[in-house]
Amino acid sequence: MLSRNKVEERDTYIYNLKPDLRGLSSAEAAKRIKIYGANEIEEKKKKSAIFIFLNQFNDFMIWVLMGAAVISALMGEGADALTITAIIILNGIMGFIQEYRTEKSMEALKELAAPTVKAIRDGYVVVIPAREIVPDDIIVLESGDRVPADSILIEAMSLQADESLLTGESVPVDKRPIQPSVKRSVAAGAVNTLYMGTIITGGRGKAQVVSTGMATEMGKIADMLQSVEEKQTPLQERLEKLGKIMVYACLLACIVVTVTGILKGEEIYIMFLTGVSLAVAAIPEGLPAIVTVSLTMGVQRMLKRNALIRKLPAVETLGCTNVICSDKTGTLTENKMTVKEIYCDERVIEVSGTGYDTLGDFTMNGRRLHVEASEVLSLLMEAAVSCSNSSISSPKKSSKLIPLKRTAKEEVSVIGDPTEVALLILGHKAGKLKNDIDIKYQRVGEIPFDSDRKRMSVVVKCKNGYYVFLKGALDNTIDRLSSIHTSSGIKRISPLIKKSILSSNDKMAQKALRVLCVAYKKLEQLPSKMDVEMIEKDLVFLGLAGMIDPPREEVKEAVNICKIAGIKPVMITGDHKETAIAIANDLKLMDKSSKVLTGKELDEISDGTLNKIAMDVSVYARVTPKHKLRIVKAYKENDCIVAMTGDGVNDAPAIKEADIGVSMGKTGTDVTKEASAMVLLDDNFATIVAAVEEGRIIYDNIRKFIRYLLSCNLGEVLTMFLASLIGYSTPLLPIQILWVNLVTDGLPAIALGVDPPDNDIMLRHPRGKDESIFSHGLADKIIIRGVLICLCTITVFLVNLKLSGSLEKARTMAFATLVMSQLIHVFECRSERHTIFEINFFKNIYLIFAVITSICMLCIAIYIPSLQSVFKTVSLDLGDWIEILFFSGAISLVINLTYYIKPAKK
Ligand code: ATP
């Protein structure tokens, strides 16, 4: 349960049908969920653990190995058959552990991303998972929400729903409650019915749930919706293609080795097994699995840093991001607003107090003011408070009312839009409590706020009749003002007065204040419908309220990191140009050459012009969601990889268009969350930068183990290939090759996948979108290292064969050299920019553990007498190990020393 809010029993408007707004009790809801089940569309069966395990053996190379085991058994080579079987099972177990963990963490992620809904339970508004909704629950819906279950509307304010998911009709339909007698019929397309999965595109309302889960209209078409396949990331796709090419290349090399061996007179059975083992060892069949593990582990790390990834490909794209377009309010700033200044009665009044503390005074030129003494100021506060849908309550649960006279600083708990909360706190400072104001002015109608109109108004009923109260951005309201209320009465707004209001607005904005204009008008009678043009015209100006929303401290650092990391931070805000500039300067987001564009200016320029200047623009102010789409497109036209944030329902198209659509976990709507690739659980810009860093780390790590796996596999194939070409006996036996593969390919590669980053990861510029995974000399490194591993192993083999005359000894030495040179190489793979001497050896503890385990497995095959006969090995002495370490370590030493002559850093 995220929040609780006492429901206002009076909070019913024109369409009130006297429903029970206290909702279900928790006990009743618990009972019902047992009867009706969770509000979920039944998913197709999840993969069971057994299925995942058995699936490990559903692989072409494993079948080949199984065939080899059967042939070995038929040939009477029981030990070989058993060892191959053991290797198949060990491989299966390791694959299973990887895949099972990945599946589980992906499931956990899906659970986290599960939608929530505002419902009324026990008389309080609670935020609960949508799956816990039961029939007869009362749900609260607003623009951007996805309807959680089939429901009947009981209250609505300009409510519209997009039902295209069910009807294919993309134009939103108006929804309103009708007679209670027909309340329980869910006729398709009914005006009072909301269907599970459809989207509220405007207005707000309350509805009563009539059916949940598979009983809903959506449940009936669920099968159709579940056919969506989970997509691979571009890198996974590319690696799969590469894997296929490598399979053919390796198979060719294996056939050459096998045929040459047979032609040289080696036993057919041995050469067949050698070919099979080599193919198994050479083909990096574990690569896709390790990429997936690395991506999912990265996703977990991102989650710890408050970034919830919804689409796996985003992890890769994050690393290439070079433009981050961010909303201002709540993402760059704290979204905790406090009114600091009021312009009213042609005077500027200062308001003291910080944050959501209700303590504060009103002063003018240093003199304390009593709000009640000024009729205009008093009405301004009442209008502002009445025009808010948010609520504040005392932090002490026991007392519902906040005492008016307090001396100690105490922040209240709040629910709703911070802009409105700031107005409620302002009212509280003046003794204008929301509860009292709502009794004095009973709300009978509302034209909701939206980011295009940038204002909202209510129709209220009081002793003297009906009034309209309006609050909103001055620029969008000024033309609707006809007069001004001052202490000397109501007078028409002359050009001079208009100039003075606009200039006061600008002055406040330059101080980084968000400014809201408050106005009203008296109505002769209750309007028959909430007609915007009729209601929001000829208004009387009451004043301006300027509120501060401080920039988030951590964002300053994040903006700085962006600049160093070659990422352009861009502010996109619905706020006033001057407010935006003041905040941008505070965050050092702009430099001398940075441009600022307003929504109006954007409307005046063509897409072509925007494309040309976009790279110089750092702030877009007074924009509407539709501008965001143009802005994303402009950066994409400049070949940028764009991350774009959004929260409102109308932001969804821009979020979808962006390379990385980012939504807000706290304030975002369901629609933007669903359209986004990443959700910021803390709504914080700094989290995007942290996610970009993680994206870079993951990509680096994928390069690291690709480098490792491919150079090692190349080393193994070349060793066997070269030996067969120069006419010697095979340096390694089939079982030894399989063991090398098991010992070196598994744990060390996975440990590289979770390697801590280089310290300078955010000092580099982003990589190019279409950059090959083998770019920046990675292919050369792989080939050179593969060749060197082969040369060392063959040298050790030949030297020992010559000196000892024992093929078994020479093979054991080659076997150990091949493993040891790979285990030393794995440390080199930890950085492409730093030598083995510069990286902190102990930073990746998993790698140390993996290498020790691999060495133990090597020693088991060499020293355990019963296994010596299986692996055809002999015990090695200290001198042998010095030789092995010399050959495996020497190359590493030479390569790393050459970096000093030609530095490795790019
Ligand atoms: P950003 O895009 O930086 O997050 P924002 O989303 O808060 O900014 P909008 O919500 O579109 O921007 O607000 C734009 C303007 O609308 C504000 O500058 C303010 O004048 C006005 N405004 C904001 N909230 C309300 C509200 N609840 N009622 C009336 N007017 C509002």
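A residue counts as partly exposed when its relative accessible area falls between the 20% under which a residue is buried and the 50% over which a residue is exposed. In this predicted model, Lys-872 has a relative accessible area of 31%, and is therefore partly exposed. Lys-872 belongs to the loop that lies between helix H30 (865-871) and helix H31 (878-901). Apart from its neighbours within four places in sequence, Lys-872 makes contact with Leu-733, Gln-736, Glu-808, Thr-812 and Leu-867. One of these partners, Leu-733, is 139 residues away along the chain, and its C-alpha atom is separated from that of Lys-872 by 8.1 Å.

Elsewhere in the chain, eight strands form an open sheet with mixed pairing, in the order S9-S29-S28-S27-S10-S24-S26-S25. Strand S9 (307-309) and strand S25 (595-598) stand at the edges, and because each has a single partner strand, one side of each is left without a neighbour in the sheet. From one strand to the next, the twist averages 20 degrees. S25 runs parallel to strand S26 (residues 617-621), to which four bridges join it, and Lys-595 stands opposite Val-617 in S26.

Two helices that pack on this sheet can now be added to the picture. Helix H11 (residues 313-320) touches S9, strand S28 (660-664) and strand S29 (678-680), and its direction makes about 105 degrees with that of S28. Helix H24 (residues 685-725) touches S9, strand S10 (323-327), strand S24 (568-572), strand S27 (642-646), S28 and S29, while its direction makes about 155 degrees with that of S10.

Definitions and conventions
Residues numbered from 1 in each chain as written. Predicted model: local features only at pLDDT ≥ 70, side-chain atom pairs only at ≥ 80, totals over all residues. Heavy atoms only, no water. Buried < 20%, exposed > 50% of the residue type's maximum accessible area, 1.4 Å probe, protein only. Contact = heavy atoms within 4.5 Å. Pairing = 2+ DSSP bridges. Axes fitted to C-alpha atoms, helices over the stretch in contact; angles between N-to-C directions.
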